[in-house]
Amino acid sequence: FIRLIDVAVDSAAGEDKTRLLFSKQIFLSSEKIAWTSRNRLYTYSADSISLNSVSQSVAVKKFAIDPALKEEAFVKSLPAQDDRFDFTINNINIRRVNMQELFHENIIADSILIGACSFKIYRDLSIPRDKRNRVGSYPHQAFTNIPVTLQIKKVILSNTFVGYKEKNPRSNQAGKVQFFNTYATITNLTNDKEAISKNNIMTADIQTSFLNKAPLKATWHFYLGHPKGRFDVKGNLGSMAFADASVITEPMGPAKLEEGRLKSLHFDLAGNDYSMKGTVKMLYDDLKISVLERDNGSKELDKKTLASIAANIIIKNSNPKRKNDEPTVIDVEMERDTNRSIFYLVWKSLFKGIKETAGIKK
């Protein structure tokens, strides 16, 4: 449905910059738009789209990326490992949109407000990876290559769920890394070269609940247009029982965190296309673990007693070891696997700091 108000079709109206499609006001609405991805693995859909040139606003009630296949069938359809996406984004409101630029396929706006969202990602590690070099494909690098000009001062996401599920062939089980009640603010979201020359730092401030157990705050800085894809990330994870993280460590480790408590985890990391370095500081008490293994023919993970005893002898059970000692802070340096993503580089760097804090060098 399109409604045009105060239409004038003449040479003067054609030169009038306050008019769109020869009209002073435009109201546009669409019940639903849907299309299929080229590989036919996904359906994209947008529900209840509306545009109001008077209020300079665009609204979308729901945008979704729906996978065509269930997890197992999706994996079987692939020649190499890939992520399966299942995204739902609700109540998208774009405010103070430059309507003239929008009709020239450029999105310039003051802000985008987004309501409840769900981002679910699944990967099965049992099939081979591809061999593609991913240098130059970090999110902020890919963003600057979008053919449409984007210039948005602020994007706000609220009440968002993020879940990453990964199946490990060693355990034949899937671990779930989940973030609940996520609130994120992204500023200076742009790929406009002139805007980048004035301010090349895109910032993402994130507050969330890790596994719905501990508060996590993180700040990302992305340096737009940087020749080596520079970015920084720093953050702090609050207190939680180690046992609560066994939902991740058992299938992915495989190891079970039996006892102990994390008091805090602070990280300050700087990365680029090829490496990452920084510091990791993890404070904790009374860590005890069990090493797990799946015996041949068994579907369950069993505790390996001797390996568990040896592991608990080797690891540092607390940091600091004694109350008045200075805590251990790990300097991390990590070379990037250029076949992997930005999130893998950050996770591997963080995990290296965690392991070395606990006294595990290998």
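This is a short walk through one protein chain, from its overall build to a pocket, some salt bridges and a few single residues.

A word on the source before we start. This is a predicted model.

Let's begin with the whole chain. The protein chain has 362 residues, and buried residues make up 39% of them. It holds 8 helices and 17 strands. Along the principal axes, the C-alpha atoms fill a box of roughly 85 × 50 × 35 Å. Now the contacts. Take those between residues at least 6 apart in sequence: 60% of them join residues at least 24 apart. Keep that figure in mind for the pairs that come later.

Next, the second largest pocket. Its space comes to about 190 Å³. Which strands each supply at least two residues of its lining? They are β5, β7, β8 and β9. In residue numbers, β5 is 84-95, β8 is 150-168 and β9 is 173-190. Strand β7 covers residues 117-124. The largest share of the lining comes from β8, with 4 residues.

What about the chemistry of that lining? The residues divide into 6 charged, 4 nonpolar and 2 polar. Among the residues that line this pocket are Glu-71, Arg-84, Asp-86, Lys-120, Lys-165 and Lys-176. Tyr-122, Phe-161, Tyr-164 and Gln-178 are also among them. Three of these names come back in a moment: Glu-71, Lys-165 and Asp-86.

On to salt bridges. Side chains of opposite charge can pair when their charged atoms come close. In this model the count comes to 11 salt bridges. I will show three.

Start at the pocket. Glu-71 forms a salt bridge with Lys-165, and the closest N and O atoms are 3.2 Å apart. Glu-71 lies in helix α2, residues 71-76, and Lys-165 lies in strand β8, so this pair ties together parts that are 94 residues apart in sequence. Both residues also belong to the lining of the second largest pocket. Are they buried or exposed? Neither term fits. Glu-71 is partly exposed at 26% relative accessibility. Lys-165 is partly exposed too, with a relative accessible area of 23%. The band for that label starts at 20%.

Second pair. Lys-153 forms a salt bridge with Asp-110, with the closest N and O atoms 3.7 Å apart. Lys-153 sits in strand β8 and Asp-110 in strand β6, residues 107-114, so the pair links distant parts of the chain, 43 residues apart. Lys-153 is exposed, because its relative accessible area is 58% and the cut-off is over 50%. Asp-110 is partly exposed, at 26%.

Third pair. Asp-268 forms a salt bridge with Lys-234, and here the closest N and O atoms are 3.8 Å apart. Asp-268 is in strand β14, residues 255-271, and Lys-234 is in strand β12, residues 231-237, so the pair ties together parts 34 residues apart in sequence. Asp-268 counts as partly exposed at 30% relative accessibility. Lys-234 counts as partly exposed at 43%.

Now three single residues.

First, Asp-86, from the pocket lining. Asp-86 lies in strand β5. It is partly exposed, with a relative accessible area of 22%. Pro-67 is 19 residues away along the chain, yet the C-alpha atoms of Asp-86 and Pro-67 are separated by 6.1 Å. Beyond four places in sequence, Asp-86 touches Ile-65, Asp-66, Pro-67, Ser-118, Phe-119 and Lys-120.

Next, Arg-123, in strand β7. Is this arginine buried or exposed? Arg-123 is buried, because its relative accessible area is 11% and the cut-off is under 20%. Where does its side chain make a polar contact? The partner is the side chain of Asp-83, at 2.7 Å. Leaving out residues up to four places away in sequence, Arg-123 also touches others, including Gln-81, Arg-129, Tyr-164, Lys-165 and Glu-166. So Lys-165 turns up again, this time as a contact of Arg-123.

Last, Ile-114, in strand β6. Ile-114 counts as buried, at 14% relative accessibility. Ile-92 is 22 residues away in sequence, but 4.6 Å from Ile-114 in space, C-alpha to C-alpha. Outside its neighbours within four places, Ile-114 is in contact with Ile-89, Asn-90, Asn-91 and Ile-92, and also with Val-155, Ile-156, Leu-157 and Ser-158.

That is the tour.

Conventions: Residues are numbered from 1 along each chain as its sequence is written. This is a predicted model: local features need pLDDT of at least 70, side-chain atom pairs count only at pLDDT 80 or more; totals for chains, interfaces and linings use all residues. Side-chain values use heavy atoms; hydrogens and water are left out. Buried means under 20% relative accessible area, exposed over 50%, partly exposed in between (1.4 Å probe, protein chains only). A polar contact is a pair of N or O atoms within 3.5 Å; within protein, one must be able to donate a hydrogen and the other to accept it, and residues adjacent in sequence count only if both atoms are side-chain atoms. Contact means heavy atoms within 4.5 Å. On a 1 Å grid over the protein atoms alone, a cavity is a set of points where a 1.4 Å probe fits but cannot get out, and a pocket is an open set with protein on both sides within 12 Å along at least five of seven lines; lining residues have an atom within 4 Å of a point. Grid points are joined across faces, edges and corners, and a volume is the space filled by probe spheres set on the points. Ala, Val, Leu, Ile, Met, Phe, Trp, Tyr, Cys and Pro count as nonpolar, Asp, Glu, Lys and Arg as charged, and the others, Gly among them, as polar. A salt bridge is a side-chain nitrogen of Lys or Arg within 4 Å of a carboxyl oxygen of Asp or Glu.
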